[in-house]
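Here are my notes on this model, point by point. Please read them with the structure open.

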Amino acid sequence: MEKLKKHFKKKLEKVNVQVALLTCALVIFSSLIIYFVTNGIMVSLLANAYNQRANLTFQNIESHIDKKLYDEELTESGYGAVMDYLNVRKEDMAVSDIFIIKKSGDSFKYILDTNSGMEISKLNDKKINKKMKSEVEDLYLLHYVDSGFFTTMEEGYRYVNFFPATNDNGGVKGAIGIAIDAQNVYLIKIMMRILVAIIILICCIISVRFSKIIFKKISNPLYQDASNTDSLTGLKNKNSFSVDLHNIEAGNTERYAISTIDLNGLKHINDTRGHQAGDLYIQRAGTVIKNAMKDTAHIGYRMGGDEFAVVMKDVEIEDIKAFVERLNKETEDINKNSGLTVSMSVGYAKFDKDKDRNFSMTMERSDAMMYENKRLYYKEKNQTPR
């Protein structure tokens, strides 16, 4: 478990992973905003259409319902006549159910239901949910008709609205409920949720893929971007090094090491053979460094002139020494096939919390080693450093 945590922590520390996660978060957020706005507009438009039909239905039946219904004084034949009338209206107005209820003490009672016959029974929670009970309560208390709402009933997904049945004094004696089949709305909502989930998944996969590709190109020392790449060698430039140094010092500095490299004799080549030969010398040195970094996560920089640096992450001193050995071997190989001999002075250092307050101090220790090696090189040749 601990290894798994470390693995994920290490992954999350990578900037490309952070960029991918941020991109996914933006895709999900944007998609959900679009979904909620679109869903809200769709539901609102459908609700308006259903509400108009419910209002028109109520207006057609309001004056034809005997108010004795609410006092339970109608005969069986009277109930039958009202039921027949409501069933005809139901068919004409293409609504799924018309039902009449009234408040009796603290409870509600069915008086009539076109889907249940003439039976008078105590309100069934499976038939009427809490939202519908609240709407009926409001009719009694406020005498106010809200716009309808979508809800799930025993028969399925419905659009329901309640209208007050008033007595001669204007008081509310009961409530007339009109339900319209909205199963298609329910299916559309489910399909939209599935579609949004699929779109989010596809967009996240695409965005992660592209963000990784783009970040890889930007972070790749071989990526030819004038803002972060040295055009002569293809390595990252000093500007890029400044940005990366800031990121290193803002993170876990203990994981990093650096090798600083200085070319021997560049000034002499420029003075005796011209700057074109000097540029070729720098290019060959860049090739040596790139070949030595091959199959590693090291990042190389040309700091300017004849100065180079290689930043290494999660390495030990033995790994750094192995890199220096590869530099020497690549230098030997390129010098076998060239009349322009490449020579480098190399230094290296790994961040040490006992010696370094920041990574710049690590670089200073690497520079000190590099300059000492340069001094020894020229001393061996009995030359003045140049």
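**Notes on the model**

1. Start with the cover over helix α9. The elements packed over its buried residues include β6 (256-263), α8 (275-293), β8 (307-313) and β9 (344-350). Bear in mind throughout that this is a predicted model.

2. Which residues of α9 are buried? They are I320, F323, V324, L327, T331 and I334. These residues span an arc of only 100 degrees around the axis, so they sit on the same side of α9. The face turned away from that buried side carries the exposed residues E318, E325, E332 and K336. The spacing fits a general rule: an α-helix has 3.6 residues a turn, so residues three or four places apart point the same way.

3. The length of α9 also checks out. The helix covers residues 317-336, which is 20 residues. At 1.5 Å a residue it should span 28 Å, and its end C-alpha atoms are 29 Å apart, which agrees.

4. Now turn to strand β1, residues 97-104. Six of its eight residues are buried, so the rest of the structure largely encloses β1. On one pairing, β1 runs antiparallel to β5 (residues 172-181) over five bridges. I100 stands opposite I176 of β5 in this pairing, and D97 stands opposite A179 of β5.

5. β1 also pairs with β2 (residues 107-113). Six bridges join these two strands, which run antiparallel. S104 stands opposite S107 of β2. The β1-β2 hairpin has two residues between its strands, and G105 there takes a positive phi near 70 degrees.

6. β5 deserves its own look. Eight of its ten residues are buried, so call it mostly covered. Nine bridges join β5 to β4, and the two strands run antiparallel. P164 stands opposite A175 of β5. The β4-β5 hairpin has five residues between the strands, and G170 in it takes a positive phi near 90 degrees.

7. A179 is a useful residue to click on. It is in strand β5. Its relative accessible area is 1%, so A179 counts as buried. Leaving out residues up to four places away in sequence, A179 touches V95, S96, D97, F99, M153, R158, Y159 and V160. The C-alpha atoms of A179 and K90 are separated by 9.7 Å, although the two residues are 89 apart along the chain.

8. Next, the nonpolar cores. The largest has 37 residues, and I65, L69, L86, I100, L112, F150 and I176 touch the most other members. At least two residues of this core come from each of α2 (15-61), α3 (76-93), β1, β2, β4 (156-166), β5 and α5 (183-219). α2 gives the most, with ten residues. Another core lies apart from this one; it has 28 residues, among them I320, F323, M344 and V346. As a general point, nonpolar side chains in soluble globular proteins tend to be buried together.

9. What does I176 touch, beyond residues up to four places away in sequence? The list is F58, I61, I65, Y70, I98, F99, I100, N161, F162, F163 and A165. I100 is thus both a contact of I176 and the residue opposite I176 across the β1-β5 pairing.

10. How many disulfides does a search of the whole structure find? The count is zero. Look at C24 and C204 all the same. The sulfur of C24 is 3.9 Å from the closest cysteine sulfur, that of C204, which is too far for a bond. Seen from the other side, the nearest cysteine sulfur to C204 is that of C24. Both are buried: C24 has a relative accessible area of 16%, and C204 is at 12%.

11. Two backbone angles merit a check. Most residues other than glycine have a negative phi. A94 has a positive phi, near 55 degrees. A94 is in the loop between α3 and β1. D295 is not a glycine either, yet has a positive phi of about 65 degrees. D295 lies in the loop between α8 and β7 (299-304). With a relative accessible area of 80%, D295 is exposed.

Technical notes:
Residues are numbered from 1 along each chain as its sequence is written. Side-chain values use heavy atoms; hydrogens and water are left out. Buried means under 20% relative accessible area, exposed over 50%, partly exposed in between (1.4 Å probe, protein chains only). Helices (H or I, at least four residues) and strands (E, at least two) are DSSP runs, numbered from the N terminus. Two strands pair if DSSP finds at least two bridges between them. A nonpolar core is a set of buried Ala, Val, Leu, Ile, Met, Phe, Trp, Tyr and Cys residues joined through side-chain atoms within 4.5 Å. Contact means heavy atoms within 4.5 Å. A disulfide is a pair of cysteine sulfur atoms within 2.5 Å. The expected span of a helix is 1.5 Å times one less than its number of residues. The arc is that of the directions from the helix axis to the C-beta atoms.
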